[in-house]
Amino acid sequence: MTPAISVRDLRKSYGDNDAVRGVSFEVGHGEVLALLGPNGAGKTTTVEILEGYRQRTSGHVEVLGVDPAKGGVALRERIGIVLQECGIDAYLTVREVVQMHSEYYRAPRDVDEVIALVGLDEKVTSRVKTLSGGQQRRLDVALGLIGDPELLFLDEPTTGFDPSARRQSWDIVSNLTALGKTVLLTTHYMDEAQMLADRVIVIARGAIVAEGTPEDIGGRDLDKTIVSFAAPADLLGVPLALTVADGHCRFETEDATRDLHRLTSWAVERGVLLDGLDVRKPSLEDVYLRLTADPTSEVTA
Ligand SMILES: Nc1ncnc2c1ncn2[C@@H]1O[C@H](COP(=O)(O)OP(=O)(O)OP(=O)(O)O)[C@@H](O)[C@H]1O
Ligand SMILES: [Mg+2]
C-alpha cells in the first residue's frame, strides 16, 4: 500500500531564507506522526505545502496519492486542516461557522455533534469574537473535523488550551486513530507527542535531525539512568563516582539496580539519609533539547 503522505527532498526558500532544506519522510495510513522543532524550524512551511496552501521550491510530495499543489477540491474533501493561524469571521456564531464549513464537504459530520465533541456546546450561539483564545482554538479543531477527513493536519492544535481541554483533544485524536484516520501534527508539548504519536520527527533549521518512536528517538532507550540526591554532610567511603554540584550528588549508570543497591547499602550502613533521591531516564524533552541545541551557540560548562 502506498503511504498516506510521501515527501522526498522537499525544499522551500523565501527569498534567500532556505526554510526547508531537503526533507524526506513518509506517513503510513492510520499513523500519527508528530513534527517537533523550535520556532522557525520549518514545520508550518512543510505542513502547509502538504495541505496545498503553499508552493514548494522543489522536491516530490504526495498526499493520499496526489500532488497537493494540483489536488484541488477532490483532495480538500479528503483532508482536514487546523492551521496555526486561522482567519474566521469573528461576527459569525459558532454554529454558523461550523455549518458554513460543513457545506464544503460532500459527507460532513453532524454540526452539533462536532461542536459537542470539542466542548463548545454551551457556545453554539456565541459570536466567535466573544470566545476566549482556547475556545477559538477548539473551534479551529471543529473545522478540521467537520468534513470527516481521512487525513488530518494539526498545526499546534492545543496551544492555549487549559490542561483539561488538552486531554479532551488528545481523546479526540485517539478516537480518530481508532477509526483508522491518519494524523500529522506539530506541537511544542513533549507530553502531547509522547501521548499521541506513533512516530516523531525532530526538525531543526529546515532539516530532519532525528526520527523514531517517542520511546527510542535519539537513542533515548539506550541512554543511561540518572540518579541524584541531596548531598549528605559526609560522603566518606561512598562506593560510586559521584559529581557534587549545588548541594546535589549525581551519577549516571547503565545498571541502575546494581548501583542503587551499592548506594543504599552504603547509606543504611552509615545511617545517611538520601534526601530527594531521584532515579530517571532522560525525558523526551531532555533528548529534544539535546537534538535541537544550536551548534553555533556557546555552551559554558
Ligand atoms: N510567508 C513567509 N514568508 C517569508 N518567510 C517565511 C514565511 N513563512 C515562514 N517563513 C520563514 O520560514 C522559516 C520557517 O518558518 P515556519 O513558520 O515554517 O516555522 P515553524 O517551525 O512552524 O515555527 P513555529 O514553531 O514558530 O510555528 C522561518 O525562518 C520563517 O521566518
Ligand atoms: Mg509553525
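**Notes on the predicted model**

1. Let's start in the middle of things, with helix α3. Its buried residues pack against two other helices, α4 (111–117) and α5 (133–145). This is a predicted model, so please read everything below in that light.

2. Which residues of α3 are the buried ones? In this helix, which runs over residues 94–102, they are V94, V97, V98 and H101. They sit on the same side of α3, because the arc they cover around the axis is only 90°. The spacing fits the usual helix rule: an α-helix has 3.6 residues a turn, so residues three or four places apart point the same way.

3. Helix α1 (43–50) is another matter. Eight of its eight residues are buried, so α1 is largely enclosed by the rest of the structure. If you want to click through them, they are K43, T44, T45, T46, V47, E48, I49 and L50. After α1 comes G52, and its phi is positive, near 85°.

4. Now the ligand. What surrounds ligand 1? The shell is made of Y14, N17, A19, G37, N39, G40, A41, G42, K43, T44, T45 and Q84. By type, that is three nonpolar residues, eight polar and one charged. Helix α1 gives the most to this shell, with three residues. Strand β2 (17–27) and α1 each supply at least two. Note that K43, T44 and T45 appear in the ligand shell and also in the list of buried α1 residues.

5. On to the overall layout. The protein chain has 301 residues, and 33% of them count as buried. Its secondary structure amounts to nine helices and 13 strands. Taken along the principal axes, the C-alpha atoms fill a box of roughly 75 × 45 × 35 Å. Among contacts with a separation of 6 or more, 66% are between residues 24 or more positions apart.

6. How many domains should you look for, and where? The assignment gives domain 1 at 5–216 and domain 2 at 224–280. Their centres, taken over C-alpha atoms, are 45 Å apart. Separately, UniProt has an unreviewed entry that places "domain: ABC transporter" at residues 5–230. That span is 29% helix and 28% strand, and its end C-alpha atoms lie 49 Å apart.

7. Two residues other than glycine have a positive phi and deserve a look. The first is E156, with phi near 50°, in the loop between β6 (151–155) and α6 (163–178). The second is D246, also listed with phi near 50°, in the loop between β11 (243–245) and β12 (248–253). Buried or exposed? E156 has 20 C-beta neighbours inside 10 Å, so it counts as buried. D246 has 6 other C-beta atoms within 10 Å and is therefore exposed.

8. G87 is in the loop between β5 (79–82) and α3. It counts as exposed because it has 6 C-beta neighbours inside 10 Å. Along the chain, G87 and D140 are 53 residues apart, while their C-alpha atoms are separated by 9.6 Å.

9. Strand β5 also holds I79. With 23 C-beta neighbours inside 10 Å, I79 counts as buried. What does I79 touch? Leaving aside neighbours within four places in sequence, I79 is in contact with E51, P149, L151 and F153. As for T186, it is 107 residues from I79 in sequence and 16 Å away, C-alpha to C-alpha.

10. Last, A165, which you will find in helix α6. Here the verdict is partly exposed, because A165 has 18 C-beta neighbours inside 10 Å. Not counting residues up to four places away in sequence, A165 touches G119, G134 and R138. A74 is 91 residues from A165 in sequence, and 32 Å separate the two in space, C-alpha to C-alpha.

Technical notes:
Residues numbered from 1 in each chain as written. Chains lettered and ligands numbered in written order. Predicted model: local features only at pLDDT ≥ 70, side-chain atom pairs only at ≥ 80, totals over all residues. Near = placed C-beta within 6 Å. Helix = DSSP H or I, 4+ residues; strand = E, 2+ residues; numbered from the N terminus. Nonpolar A, V, L, I, M, F, W, Y, C, P; charged D, E, K, R; others polar. UniProt positions renumbered as here; feature names shortened; annotations may be inferred. Domains from an automatic or database assignment. Buried ≥ 20, exposed ≤ 12 C-beta atoms within 10 Å, placed from the backbone. Contact = placed C-beta atoms within 7 Å. Arc of directions from axis to C-beta.
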